[in-house]
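Me: I am new to reading protein models and would like a close look at one part of this one. Could you take me through how two of the helices pack, and then visit a few single residues?

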Amino acid sequence: MHIEKIVLKNFRNYAWAQINPAPTANLLIGQNAQGKTNLVEAVYYLCVGKSPRTPREKELIKHGEQQAYLRIDAVKKTGKVKIEAYLTRTENRRISVNGIPVKKIAELMGTVKAIFFSPDELKIVKEAPADRRRFLDIDLSQLSRSYFYNLTRYNKILSQRNKLLKSKKYLKETVDIWDEQLAECGAQVAYKRQEFVARLARFARKAQSYLTDGQENLEIEYEGFKGQNPHQIKQNFLGRLKNELDYDIERGYTNTGIHKDDIALSVNGVDIRSFGSQGQQRTAALALKLAELEIFSSLSKESPILILDDVFSELDKIRRLRLMERIKNIQTFITSAHFDEDIKATVFEVKSGQIFRK
C-alpha cells in the first residue's frame, strides 16, 4: 500500500500544494512552522478521520478562508482508492471514498491504514491509561469495523447507564437491560483488545531488543477483562456490574468496564509507565510502533503508511539507522528540521506552505 498523490487546498498554512511521494521513504525538511507536520497531519486525517493534533476541525482550515480540501490517491492490492475531505466553517465535513460519500466514520476506517508517531506519542507509555486505550482503539478500528461499531455502541450505552445512575429513576427496573447490552458490547471489545495486545507483546519485545542491541527486554500485558472467548468475558463483566451496583449508585457513574482498561509496560522487570527513564520510554514507544507495522502487515497482507513526525531528533545515529533498515520497504513520511545524509529517502523541502522536491 502506498500513496501516489497528496493534494491540499486551504489546509492549515497551505493555500495549495500537490506532491507525488515515493513509495518508500520520504523526508520532509524545513524550519519550524513551515508546514511539515501539517502535511502529514492531512495524510493521517484522511486515513482515520481525525487529526492527531486537535479535535477542533475548523482549526484545520487556513486562516481567513471558509473551506478546505484534502485528497490522497493511494494504491492497494485491491486497486486504486481516492479519499477526499471537504471542511467548511459553517457545515459538517464531507468525506468520500472513490467519490462515494462516507456516512459513518466506520466506512472510512481501514481504507488506507496509517501509523502515526511523534514525540507526543510518548503519552502511550508514560501518561494516563486513556492514552493507551486510544492507541488500542485507533489501531483496532482500522483493522476491524466490527470493533469500531462495538466500541461506539459501548460508549453510548455507558452514557445512558451513567445517566440512569445519576437520576436513580426506575433504576432497579431497568439497570439489568443496560447491563446486558453493556456487557455484550464490552466483551467483544475486550476480547479483541486481549488478542491484539498478545500479538503486540510478541512483536514489540523483538523490536525493543533490536533497537537496543539486546540490552532491554520489553514486556506488555493487557489489564482488563480476560477470557477464553467473548461469552466468558461477558459473564465476568455482568458479575462485576451486579456486585458493584451499590457503589456505582453511590458515585453516580459506572466504575468497572472496558473504559478502565490499561496496558502494563515493563523493561527488564521495571514498570516504565512510572519508573522508566526517558530513553527507555522513548524506545518502548518506538518499539510499539514497529510492532504495529508488523501486525498491520500480517493481518491485512500489506504494509500501512508510516508517519514519523520529528522523531529522528529524539534518536541517536545507531537507532536511526536501525529504524531505517527496518522500514526500508514501507512508505514512510519523515519530518525533520535538518537533512541527514544517513537517511536514504526522497527529499522534499517545505517552506512557507510550499513544497519543493530536491
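**A helix pair and some residues to visit**

Reply: Happy to! Keep in mind that this is a predicted model. Before we reach the helices, let's start with a cysteine: Cys185 has a relative accessibility of 5%, so it counts as buried, the cut-off being under 20%. Cys47 is buried too, with a relative accessible area of 0%. How many disulfides are there? The count is zero, because a disulfide needs a pair of cysteine sulfur atoms within 2.5 Å.

Now for the helix pair. Find helix H3, which covers residues 129–143, and look at how it packs with H9: their axes are 11 Å apart and the angle is about 15 degrees. Because angles under 35 degrees count as roughly parallel, H3 is roughly parallel to H9. As for handedness, H3 and H9 cross in a right-handed way.

Which residues make the contact? H3 contributes Phe135, Asp139, Gln142 and Leu143, while H9 brings in Leu288, Lys289, Glu292, Ile295, Phe296 and Leu299. Sorted by class, the contact of H3 with H9 has six nonpolar residues, three charged ones and one polar one.

Follow the chain onward from H9, which spans residues 278–300, and you come to the loop that leads to strand S12 (305–309); Lys301 lies in that loop. Lys301 is not a glycine, yet its phi is positive, at about 65 degrees. Is Lys301 buried or exposed? Its relative accessible area is 57%, so Lys301 is exposed, the cut-off being over 50%.

Another residue makes a nice partner for that one. Arg12 also has a positive phi, near 50 degrees, and it is a residue other than glycine. You will find Arg12 in the loop between strand S1 (2–11) and strand S2 (14–19). Here the accessibility tells another story: Arg12 has 19% relative accessibility, so it counts as buried, the limit being under 20%. Lys301, by contrast, is exposed.

Let's finish in a strand. Where is Thr346? It sits in strand S14, which runs over residues 346–351. With a relative accessibility of 18%, Thr346 counts as buried. What is Thr346 in contact with, if we leave aside its neighbours within four places in sequence? The residues it touches are Ala22, Ala25, Asn26, Leu27 and Arg357. Try picking out Thr346 in the view and then looking for each of these contacts in turn.

Methods. Residues are numbered from 1 along each chain as its sequence is written. This is a predicted model: local features need pLDDT of at least 70, side-chain atom pairs count only at pLDDT 80 or more; totals for chains, interfaces and linings use all residues. Side-chain values use heavy atoms; hydrogens and water are left out. Buried means under 20% relative accessible area, exposed over 50%, partly exposed in between (1.4 Å probe, protein chains only). Helices (H or I, at least four residues) and strands (E, at least two) are DSSP runs, numbered from the N terminus. Contact means heavy atoms within 4.5 Å. Axes are lines fitted to C-alpha atoms, for helices over the stretch in contact, and angles run from 0 to 180 degrees between N-to-C directions. Angles under 35 degrees count as roughly parallel, over 145 as roughly antiparallel, 65 to 115 as roughly perpendicular and the rest as oblique. A crossing is left-handed if the near helix is turned anticlockwise from the far one by less than a right angle, and right-handed if clockwise. Ala, Val, Leu, Ile, Met, Phe, Trp, Tyr, Cys and Pro count as nonpolar, Asp, Glu, Lys and Arg as charged, and the others, Gly among them, as polar.
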